[in-house]
Amino acid sequence: MKIIYFIIFGFLIPMGIASQSIQGKVIDNLKNPLQGASVYWLNSSIATLTDSTGHFEIQAFDQEKMKLIATFVGYTPDTLEVNQFDFVEFNLYKKSVLDEVIIKGQRDGVIISQINPIKTEQITQSELKKAACCDLAGCFDTQTTVQPQTTNVVTNSKELRMLGLSGVYNQILIDGLPLIQGLTYTYGISSIPGTLVDNIYVAKGANSVLQGFESISGQINVETKDPDNTETVMINAYVNSFMEKHFNVNYAFKHKKWSNLTAVHTVLPAGRIDRDDDQFMDLPQISRFKVFNKWKYGNKNDWGWYSTVGLGYLRESRTGGQILFDEKTDRGSTSIYGQTLSIHQPEMTSSTGYRFNDTHHVGVNLSALHQDQDSYFGSTNYIAQQTQLYANVQYELNYEGNQFKTGFSYRHLDISEDIAFTDTFLHRTYNGLYHRIEKIPGMFFENTMHFFNKKLTWMTGMRMDHHNQFGFMYTPRSLLKFDLNSNSSIRANVGTGWRTTNLFSENIGLLASSRDIIFIENLQPERAVNFGINLTHKFETTNENLSGYLSADFYRTEFLNQIFPDYDIHPTKAYIYNFTGESVSHVFQLELNIKLWKRYEIKGGYNYMDVYRMIEDQKLLLPFNPRHRVLGTFSYKPESSPFQFDLNAHWYGEQRLPDTQSNPSEFQRPDFSNPFTIINAQFTYYFKSLEIYAGCENIFDFRQHQPIISWQDPFSPYFDTSSVWGPTRGRELYMGFRYRLKKD
């Protein structure tokens, strides 16, 4: 660790610019930035393009006669004579006469930026429409990087895994704010409707320190729809073959610098289905109502004030368990097993700032959330409340084509969990009140520098946070990006991360089983070091009939302390302790995306995941991780016909399962699961303002039969719902429509 810290601190030493260059910006007469404008020297082949903010940097040329030219389609070119190495600003004006040009096209489903030093996969609405995407957990069916995983089969709670690690190790942000933590981790990703999502940004490994100290395996930032740039009205309705119904309405309007988006999302429960005759419902009955309101003033990239304020409220209930379970009469029963959940959650987010000019910017980000949760897991009553507050004040300086950010943050987390048992025969010992308050002030800085005419980008960052229980914690990180040419980039990153554990909400399956939970010692923060390297190559033929990208990644995550329930010591107990031995994740990912003749899109992805601990010199694979995973997708959308067909296939290799060999023979399970394949398909037909879609998930109806151990007696010491490694609900048919009324 001393070597790692020495290297990362060394990266923070300022370096000189490798060669002299000119920086500037291209804007129109309304001061809007022009992305993709050409900037070049007169009588020279030296040229560059502007980025999304209109900025550019170009190598200096002929200091005596320095005439710089800027051009953009539909605008009159401009020429400036540059005498010094100062910041240059072009103001381009639209041509007075311009023939009408109709441009037709579709935004790529996944975009990997060539500019960002962090390899970030931007999942757009074009990609999200390839599946039903009822909620955030269902938005990754066509993705290689993120794997949705069921954490409790009875209530169908899910997490998003990256790098072969539990979802707790990746940081999930909503509009850049950390709302998913603590109690909200269990069901939070299912409460975000897909119709509210504009873009999803996925970054693997240790990356930016601006949003926090977690993100050990990566970061997922969900960007909700922008009131400025969305439909006036959007209506979505969906029903599946289990008779679960979803209904969504979005309404947006704009007045001068103000704009607003109101979204309503509701879910009505499915029927009671038991296809494998284990007397348990194959899926829970879910009722959900969520309302979200987002106000926006100004634009973050323009000079002056801007502000965005979001208000939301969630009410949700879930009922699962045996077919005969009646929530009104059987809650907490020791004769009929059932699980019930009730959640009430108001929340608020805010992002306000002032951009003085292209050099200086100050912003303040705030979020607040409160959740009340009342649930039963058989005879276990779990009542919990959480209040969380977050504040981030940040200053941004753009200098000589580089960028420096610094600021302060504060987190307040108050979680109270009350656990009680209605039975006396299982002899579980972990009942009682668990109350935890976290107060974490912190400061951070991050510097991004460019060298060799922006071929090399170096981003370094450091956080220093003070936890009210564990004291000062340091989080250094560093990222390098080198452009091999205009189409190929290689990136490398190294950094640390840490997090505190909220055991019950992050391992909700423990409450659903009869296992006793044994705390061997006081839990310390989990800490890890992550190393990563990736190569991205984009390609395109001159006639644009062939385009795409090839991406290869390797990541190693090494834990210095890890908390993972140990299911192997005893079949009826889960032991919780700090593991400071060798715990490692090695992940290799290869992905190829090809687009043919602007109508066919093919993607293939492969993941190799070696996730293990060393126990007494023996390599022990961690459970529920397929060592091999393959993804294939196919999309067909002809230019002359208003329909689209999408197909995706997932192959999962065998997974190690918890050791049950000391159970009675009828309650034993194999040490490894079987490999399996899931194939999904969807057909969409487009009218002018209406889209009708229908699809089938798990076409060949693969199911893990009777996944619950001791389902015959759910109140026995061997009852366990944690051995779920595959789908349990089988084939699912669905259909729905999207109606969009666009702005004039």
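Let's start with the second largest cavity of this predicted model, which holds about 440 Å³ of space. Its lining is made up of 30 residues, and those lying nearest the centre are Thr151, Arg161, Glu506, Asn507 and Tyr567. If you want to find your way there by secondary structure, look for β10, β11 (157–161), α5 (503–506) and α6 (509–512), the elements that give two or more residues to this lining. Of these, β10 makes the largest contribution, with four residues. By chemical character, the lining of the second largest cavity comprises 12 nonpolar, 11 polar and seven charged residues.

Now turn to the largest cavity, where about 1100 Å³ of space is found. Here 44 residues form the lining, and Thr150, Asn156, Lys158, Glu697 and Arg729 are the ones nearest the centre. At least two lining residues come from each of β10 (147–152), β15 (233–240), β18 (285–297), β36 (643–652) and β37 (676–686). Which strand supplies the largest share of the lining of the largest cavity? That strand is β10, with four residues. So β10 is a handy landmark for a walk through the model, because it provides the largest share of the lining in the largest cavity and also in the second largest.

The lining of the largest cavity is a mixture too: 18 of its residues are nonpolar, 15 are polar and 11 are charged.

Stepping back to the whole structure, how many cavities of 30 Å³ or more are there? The count is 16, and the two described above are the largest and the second largest.

Methods. Residues numbered from 1 in each chain as written. Predicted model: local features only at pLDDT ≥ 70, side-chain atom pairs only at ≥ 80, totals over all residues. Heavy atoms only, no water. 1 Å grid on protein atoms, 1.4 Å probe; cavity = no way out; pocket = protein on both sides within 12 Å on 5 of 7 lines; lining within 4 Å. Points joined across faces, edges and corners; volume = space filled by probe spheres on them. Nonpolar A, V, L, I, M, F, W, Y, C, P; charged D, E, K, R; others polar.
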